[in-house]
Amino acid sequence: MSQKDSAMLFKPDTEQVLVRGLNAMTKACDALTKQNETLNHDIEKMKNKISRLQERILIDQPEKE
């Protein structure tokens, strides 16, 4: 095995580097998308809770005469 063959054995080609990078970015994007969906769901739940609490405040407030 020549020195050039040995060097190529451990040096990934450009396509391999790009494919690995693209795969990593895809996984990161998928994780962020899932996290974003979770956060949006949590926001909706919080909005609903705020609305219920605001209604309760209005109901529990003594009427001013």
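**Note on the salt bridge and the exposure of the chain**

1. In this predicted model, a salt bridge joins the side chains of Lys 47 and Glu 44, with a nitrogen-to-oxygen distance of 3.7 Å. That distance satisfies the criterion applied here, which asks for a side-chain nitrogen of Lys or Arg within 4 Å of a carboxyl oxygen of Asp or Glu, and by this rule the count comes to one salt bridge.

2. As to where the pair sits, Lys 47 and Glu 44 both belong to helix H2, which covers residues 14-60, and because they are three residues apart in that helix, about one helical turn separates them.

3. Turning to the exposure of the two partners, Lys 47 has a relative accessible area of 48% and is therefore classed as partly exposed, while Glu 44, with a relative accessible area of 42%, is likewise partly exposed. Both assignments rest on the band between 20% and 50% relative accessible area.

4. For the chain as a whole, the secondary structure consists of two helices and zero strands, and of its 65 residues 0% count as buried. The protein chain exposes about 6800 Å², of which carbon and sulfur atoms supply 58%.

Key: Residues numbered from 1 in each chain as written. Predicted model: local features only at pLDDT ≥ 70, side-chain atom pairs only at ≥ 80, totals over all residues. Heavy atoms only, no water. Helix = DSSP H or I, 4+ residues; strand = E, 2+ residues; numbered from the N terminus. Buried < 20%, exposed > 50% of the residue type's maximum accessible area, 1.4 Å probe, protein only. Areas by Shrake-Rupley, 256 points an atom, 1.4 Å probe, with all protein chains shown as cover.
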